[in-house]
Amino acid sequence: MGAEGRAGRDERGEDERAEAAVLAGDEAAFAHLAGRYRHELRVHCYRMLGSFADAEDVVQEALLRAWRNRAGFEGRGTFRAWLYRIATRACLDALAGPARNREIAVAVDSTGVPKRSAPAEVTWLQPYPDALLDLAAPDGDGPEAAAIARETVELAFLAAIQHLPPQQRAVLILRDVVGLPAAETAGMLEVSVAAVKSALQRARATLREQLPERRTDWGRGATGPTEAERALLQRFVDASRAADVTALAALLRADVRQTMPPAHLVFDGRAAVIGMWRAALEGEQAWGDWFAVPLAVNRQPAVANYVRRPGAPTYTAVNIDVLRVADGLIAEITTFAPDLLPALGLASVLTPAEVEDASTW
């Protein structure tokens, strides 16, 4: 047996010993074993719920359920699969509960005319920091690597699957993302294999309707933004800091779309987007001095935008813009409230000295 085979056998032996300790009520053993899957499960819950904050809450609830019901793990499957079952059920319970309003909104443009846009219609959608995605599959190998595949954490995919009924969403994620067999998925959801196959067929059909055209052109694996995308992001950051509307316009496709999920607003086309930006960046109505910080979320380039209002001593976070790039230009911008900046390692307020130090980022 080769070294790789021995390593796999040793790892499985270690898992079996840890699983036995969990069944015996060893809380430390449970915390260690569950901790190996926590980040992966959080990404799973994020896909199910579309909200980073909700995913954090639900994965904690799922692990608490797992500890309380540890006797239910009988060793017939893997500990990972057992945790996925509990996490999926916790997500379905959360989706069925009254705590959060998860009604798909009617997206509108700036004049109030209805516009179809999956991201804008999902008002609870939130970005997910790349640094935390990396923790879900630190070595980029093994079955957990699917948890961070770029095409299944990009915002367009996340928004599209929120349009699915919860059961269909669970089936699609477990089958097409996690890669579980139909029989195992059926067991997790306590439905028949035929029901799983039917739900998957309907979910895939809905997904094709919701996803942007040419989707396969921009799904590029799990490594995050490409070199070209990072270069484009830097140009976007430089133009934003300079409040250079002409330079910003040159980075946008003619058919660019900007969506704002919290406000379910849509701005269609370069003229509409630049018109909205111009009011904030130029002239007497300009908000103030702007500063942009490059970010990486959902395996996409992004920026955090700050502004120092006239007479104000500090720069205050305004929003987070996540970019989708196609054909070397920005094809879509999804704009979020700045609530998640602490999870991204950024403050909500920056002093002029901090801005000066950050100008080299």
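This passage describes helix α3 and the largest cavity of a predicted model.

Helix α3 comprises the 17 residues 52-68, and its length was compared with the span expected of a helix. Because each residue is taken to contribute 1.5 Å, the helix should span 24 Å, and the computed separation of 25 Å between its end C-alpha atoms agrees with this expectation. At the start of α3, a side-chain oxygen of Ser-51 comes to within 3.4 Å of the backbone nitrogen of Ala-53. The buried residues of the helix are Phe-52, Asp-54, Ala-55, Glu-56, Val-58, Val-59, Ala-62, Leu-63, Ala-66 and Trp-67, and these buried residues pack against three helices, namely α2 (27-49), α4 (79-96) and α6 (130-136).

A search of the whole structure for internal space returned one cavity of 30 Å³ or more, and the volume of the largest cavity is about 50 Å³. The lining of this largest cavity is formed by Pro-119, Leu-155, Ala-156, Gln-300, Val-322, Leu-323, Arg-324, Glu-332 and Thr-334. At least two lining residues are supplied by each of α7 (155-161), β5 (315-326) and β6 (329-336), and β5 makes the greatest contribution, with three residues. When the lining residues are grouped by class, five are nonpolar, two are polar and two are charged, with Arg-324 and Glu-332 among the residues of the lining.

How values were computed:
Residues numbered from 1 in each chain as written. Predicted model: local features only at pLDDT ≥ 70, side-chain atom pairs only at ≥ 80, totals over all residues. Heavy atoms only, no water. Helix = DSSP H or I, 4+ residues; strand = E, 2+ residues; numbered from the N terminus. Expected span 1.5 Å × (residues − 1). Buried < 20%, exposed > 50% of the residue type's maximum accessible area, 1.4 Å probe, protein only. Contact = heavy atoms within 4.5 Å. Polar contact = N/O pair within 3.5 Å; in protein donor to acceptor, adjacent residues only side chain to side chain. 1 Å grid on protein atoms, 1.4 Å probe; cavity = no way out; pocket = protein on both sides within 12 Å on 5 of 7 lines; lining within 4 Å. Points joined across faces, edges and corners; volume = space filled by probe spheres on them. Nonpolar A, V, L, I, M, F, W, Y, C, P; charged D, E, K, R; others polar.
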